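Open the structure in your viewer and keep the selection tool at hand. The stops below say what to pick and what is found there.

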Amino acid sequence: MTLENDNELTELIRKAALLNAVQHGGKAQMGPIIGKILGERTDLRAKVKELTVLVTENLIDINSLSIEQQKRIIEEKWPETLRKEKVDEEKKLPPLPNASKYARVVTRFSPNPDCVLHLGSARAIILSHEYARLYKGLFILRFEDTDPKVKRPNLVFYDKIREDLAWLGCEINSEYIQSDRIPIYYEYAEKLLKDGNAYVCTCIPDEFRKKTLRSEPCPCRNFSPAEQLKRWERMLNGGYAEGEAVMRIKTDLNHPNPAVRDWPALRIIDTKKYPHPRVGSKYRVWPLYNMAAGIDDHLLGITHIIRGKEHLTNGVRQEFMYKHLGWTYPEAIHYGRLKITGASLSKSRIIQGIKEGSYTGFDDPRLATFAALRKRGITPDAIKKMIIDVGPKTADVTLSWENLYAYNRKILDPNCDRYFFVPDPVKLRVRNVPRIFHAEIPLHPDKPERGERQYVITPKGLAKEAAFWIAKKDSDNIDVGVFIRLMELFNIKMEGKSADEMEASFVSEAYEDARRMKAKLIHWIAQHELFPCQIVMPDASISEGVAESACKTLKPNSVIQFERFGFVRIDENTSKLKAYYAHK
Ligand SMILES: [Zn+2]
């Protein structure tokens, strides 16, 4: 095969060249790319000339692209690489538009308390909070709980959301609850009706829709303000039943987007049947999203709304109301969709699953709720860093659990003490151990100051035997006759194997011998130094085994690394260690 037909190679060259180009202002350098390719494809060292030709051809092509185009290709094809580059240079958020126009930047996060928060909310929360912090402004939490029927709020979630924000380190400067503010929305509804900028519509929704699609007004639109106020009174006092009347904001009936035309602002909900968890049946007319959010953004002095681009049309709708009220719409930043592969971010599916018992609760490890991530030892800083690196850009982004784990690992690795955990323990007897061994295993290989775990291995009997626990997975992969190094202890040779026991004999102590013999390194627990341990895995399965006895003193909530297994967060530590698995 000639190099030109080697698709894999071409791909490798393009990737290396694009990454190099974005690091060098859009112009890739020949030398480093050739070096990189030869590092990965040693088979090409004899074909450097041919390779150089191929790289040159690709460079001409790639260097003719703008840096934005180059970045876009990388983002599409190798998103993980670009993010890695960005982490290394400690990415900063782009400046907010027109920040200097305002005395103080004010942002908000406005959840509906109908579920706990999950990764899908992380971008709105973290960007809004981070911008407020960067500009020494204010970050407001606003509960949007004005739908007691379909998106019914639940008292439990107000607190859970406050807890989640605190855990994320997103301190709020003030909090508002929309169900406390109903009279305010009424006041503006009346003003809009009085000024002829809104109307109470009693049309059958389908009829209304048909008219609107033809850019025709419904009969209700042209009634006088006095008549509108009468109808409004009927909405309030029960003269209309649920579904019989809505208040609509007048917009442009010729607006190119029919969804913008005369949108509904307030509607009736039978709160005798669907009492609100906070204010019961006190109100029967409830503002819809655009009315409540629009009024509040102005009244609370929000200067920058940072939200997903699915809200673009809402912005257009609200601007009509702002115009009627003589207000200026805040700056709005719309970011693209953020997908996290393998994470279920559907609130209804989460709640349904818990109801049906297929999830153990909001912190079930299979969920991407903050409660679940917290339980598993995912740090808020990892989430924050990941979101800030993605930033507020409008392009859609797909991340994976692996991306989040990479951020988390970077934070945990230098800080977490290390221990041994043996899942599915199998006994290992080692004969001919010549003397007592004192194993002193550092808690962290790079941080001797943290201390060590100490175990004394005392050979017993004529056979000078010492016994250990090793993982079944290790024992399955070890054949009789091979050399093994018990980590930080000594080297052994396997001599016999049965279903639940392994036999071996002592060979030597030096690590160099293990290297020379290419011995596999496995971890172990001395026979009597075991502590029962149970680990809940991300798929909710349970890994049972034994941890080394030094784990007896671990405190709940601490995160440690079980060597050759992964990071875990200690959940309980009584007569047994219970932990949740984070990642490798
Ligand atoms: Zn109508």
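**Stop one: the zinc ion**

Select the zinc ion together with Cys201, Cys203, Cys218 and Cys220, whose SG atoms are its protein donors and lie 2.3 to 2.4 Å from it. Bear in mind that this is a predicted model. What is the arrangement of the four donor atoms? The angles they subtend around the zinc ion are 103 to 118°, which makes the arrangement tetrahedral. Along the chain, the donors follow the spacing C-x1-C-x14-C-x1-C.

Next, colour β4 (198-201), α9 (205-213) and α10 (225-237). Cys203 sits in the loop between β4 and α9, while Cys220 sits in the loop between α9 and α10, so this pair ties together parts that are 17 residues apart in sequence. Is Cys220 buried or exposed? Cys220 has a relative accessible area of 3%, under the 20% limit, so Cys220 counts as buried.

**Stop two: the second largest pocket**

Keep α9 coloured and show the second largest pocket, which has a volume of about 710 Å³. It is lined by 29 residues, and those closest to its centre are Arg209, Val246, Arg248, Pro264 and Leu288. Which element gives the largest share of this lining? That is α9, with five residues. To see the elements that each supply at least two residues, select α9, β5 (246-249), β6 (264-268) and α11 (289-299). By class, the lining of the second largest pocket has 16 nonpolar, three polar and ten charged residues.

**Stop three: the largest pocket**

Now move to the largest pocket, with a volume of about 1,100 Å³. Select Ser110, Asn112, Glu310, His311 and Lys347, which lie nearest its centre among the 36 residues that line it. Then add β1 (106-109), α6 (119-134) and β8 (304-308), the elements that give two or more residues to the lining of the largest pocket. The largest share of this lining comes from α6, which gives five residues. The lining of the largest pocket divides into 14 nonpolar, eleven polar and eleven charged residues.

**Stop four: the cavity**

How many cavities of 30 Å³ or more does the structure hold? There is one. The largest cavity has about 30 Å³ of space. To find the largest cavity, select its lining: Phe420, Ile441, Tyr455, Trp524, Ile525, Ala526, Glu529 and Glu548. Six residues of this lining are nonpolar, none is polar and two are charged.

**Stop five: helix α16**

Select residues 401-412, which form helix α16. Mark the C-alpha atoms at its two ends: they are 16 Å apart, which agrees with the 16 Å that twelve residues should span at 1.5 Å a residue. Which residues of α16 are buried? They are Trp401, Asn403, Leu404, Tyr405, Tyr407, Asn408 and Leu412. While looking along the helix, recall that an α-helix has 3.6 residues a turn, so residues three or four places apart point the same way.

**Last stop: Gly31**

Finish at Gly31, which is found in helix α2 (residues 30-40). Gly31 is partly exposed, with a relative accessible area of 48%. Add Val55, which is 24 residues from Gly31 along the chain, and draw a line between the two C-alpha atoms: their separation is 10.0 Å.

Methods:
Residues are numbered from 1 along each chain as its sequence is written. This is a predicted model: local features need pLDDT of at least 70, side-chain atom pairs count only at pLDDT 80 or more; totals for chains, interfaces and linings use all residues. Side-chain values use heavy atoms; hydrogens and water are left out. Donors are N, O and S atoms within 2.8 Å of the metal (3.2 Å for Na, K and Ca); water is not among the atoms, so sites may look incomplete. Four donors count as tetrahedral if all angles lie between 85 and 135 degrees; four count as square planar and six as octahedral if opposite donors are over 155 degrees apart and all others between 65 and 115; anything else is irregular. Helices (H or I, at least four residues) and strands (E, at least two) are DSSP runs, numbered from the N terminus. Buried means under 20% relative accessible area, exposed over 50%, partly exposed in between (1.4 Å probe, protein chains only). The expected span of a helix is 1.5 Å times one less than its number of residues. On a 1 Å grid over the protein atoms alone, a cavity is a set of points where a 1.4 Å probe fits but cannot get out, and a pocket is an open set with protein on both sides within 12 Å along at least five of seven lines; lining residues have an atom within 4 Å of a point. Grid points are joined across faces, edges and corners, and a volume is the space filled by probe spheres set on the points. Ala, Val, Leu, Ile, Met, Phe, Trp, Tyr, Cys and Pro count as nonpolar, Asp, Glu, Lys and Arg as charged, and the others, Gly among them, as polar.
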